[in-house]
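Here is a friendly tour of one protein chain, from its overall dimensions down to a single helix and a single residue. Have the viewer open as you read.

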Amino acid sequence: MDTHHQHAGDMDPEEFRRLGKQVVDWIADYLNDASKYPVLSRVKPGDIRAQLPAVPPTQAEPMQNVLTDFERVVLPGITHWNHPGFFAYFAITGSAPGILGEMLASALNVNGMLWRTSPAVTELEEVVLDWLRQMLGLPGSFKGVITDTASVSSLVALAAARESIQRTIREEGLAGRTDLPRLRMYCSDQTHSSIEKAAIVLGIGQQGVRKIPSDHAFRMRADLLESAIREDRKNGWLPFCVTATVGTTSTTSIDPVRAIAEICRREALWLHVDGAYGGVAGIVPELRSALDGCELADSFVVNPHKWLFTPIDCSCLYTRHVDVLTQAFSLVPEYLRTAEQGVTNYMDWGVQLGRRFRSLKLWFVIRSFGVEGLAERIRNHCRLAADLAARVDREPGFERLAPVPFSVVCFRCHPAGIDDEAALETLNTRILNAVNESGDVFLSHTKLNGRYAIRIAIGNLRSRQEHIDRAWDLIRHHARALEPH
Ligand SMILES: Cc1ncc(COP(=O)(O)O)c(C=O)c1O
């Protein structure tokens, strides 16, 4: 009998053991020194595809060849999010404890759709989410579920918000109804695009999203929210939901959640809070006030895969209204009926049936670093960002473009005598491109009130002062070289 029959068609366990050790060794070396690779991949579009056969192998290949190709073909096409010089978007970390959790979750390969399809998946998820809730200082009435991303968490939350208005939308849909005014939801002009996408998916439509202007510090203007809701009601809209953000995507600004919550209470609207990035700041005692008012939210999302050192993907959605959430989503066919009473069947909490064992890696991360260890790591990122912001402020010819509540700094090179926005954008784009070509750091950009901003997001565990120094040196060097003289 060949080995495939002996091992039910899978790899020989001894070969797995040998290759597994080799892979773990590779990961350990990688985590130890990801900076030996250029942080931003240097391949051109199509380069990777051109090296891959267009048709699949007919015959089995030795795994060793596959691993060789991983290094030879795949790795050059990787932009290294684990590189300490990764400062683009929101920098993240695949921490070692999180990777171990992810490996074991893959090995178990359980599907946590029902309590009985793995009781530990459901119960660990409930407990770890309750730990995180306590770590953030949110009330015990908040119950959670893990999804893949904040986009999906918010979609699920906004579906619950839509369900909460009790207009039989679940049964009858939205289209062609004369008994139902058009629904309206609110967010700010700084809100992440996932909220608008959710509106598209939920049949609210982009016109059903009203973006409230933000103030000089990119926070939603609560006074304008209130007048917008009043105006909409007068014009026949049916307002149902407001999304506030703790840590907006461009500048990490914090909306006035308490004031917004008060308006939502008066107007009987669902309050969803997007804390995808900034929510974890609640773990740090001196930053806890950033979550002021979040205890009044109807739903709240925070992503451990952003700033809590948990490998992507892992997003936590909390709500005070599990009954509404399950009313929106529970649909149990005969073949999924189970007899257990008083258990959570997470398939009733969202769109997907099959669910990965994501709480395992989060449990590993929280236990391995401890709450104080996590707080210290987040605090350190904020310290590094505050120090960088101070350096930007001191540097002639540079201008900071937003306050720094957490660990992201937005700024631009603004030489004396150049005030044309298009010229400043060209200059700063060139600086950014030159810096990113170095391979040492990777930064991204945004636009703030029409002004092009270079953005440094500190969020990787391995980013230290020296890596920020390198980014800042490169920026000043290229600014000097590119500035018109
Ligand atoms: C504030 C905010 N919300 C939501 C998201 C979307 O996150 P995800 O990629 O988990 O869907 C982001 C992404 O950066 C974000 O910054």
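## Overall size

For 485 residues, a compact globule would have a radius of gyration near 23 Å, and the protein chain in this predicted model agrees with that, at 24 Å. Measured out along its principal axes, the C-alpha trace spans about 75 × 75 × 45 Å.

## Make-up of the fold

The protein chain holds 16 helices and 11 strands. Of its 485 residues, 42% count as buried. If you look at contacts with a separation of 6 or more, 74% of them come from residues 24 or more positions apart.

## One side of helix α13

Now turn to α13, which runs over residues 322-329 and has V324, L325 and A328 as its buried residues. These residues cover an arc of only 100° around the axis, so they sit on the same side of α13. The background is simple helix geometry: an α-helix has 3.6 residues a turn, so residues three or four places apart point the same way.

What lies over that side? Among the elements covering the buried residues of α13 are two helices, α7 (150-164) and α8 (169-172), together with the strand β7 (315-319).

## A look at A259

Another helix to find is α11, residues 257-267, where A259 lies. Is A259 buried or partly exposed? It counts as partly exposed, because it has 19 C-beta neighbours inside 10 Å, while 20 or more would make a residue buried.

For a sense of distance across the model, pick A259 and R17: they are 242 residues apart in sequence, and their C-alpha atoms are 57 Å apart in space.

How values were computed:
Residues are numbered from 1 along each chain as its sequence is written. This is a predicted model: local features need pLDDT of at least 70, side-chain atom pairs count only at pLDDT 80 or more; totals for chains, interfaces and linings use all residues. Helices (H or I, at least four residues) and strands (E, at least two) are DSSP runs, numbered from the N terminus. A residue is buried if 20 or more other C-beta atoms lie within 10 Å of its own, exposed if 12 or fewer, and partly exposed in between; C-beta atoms are placed from the backbone. The arc is that of the directions from the helix axis to the C-beta atoms. Two residues are in contact if their C-beta atoms, placed from the backbone, lie within 7 Å. The radius of gyration is taken over C-alpha atoms; the globule rule is 2.2 Å times the number of residues to the power 0.38.
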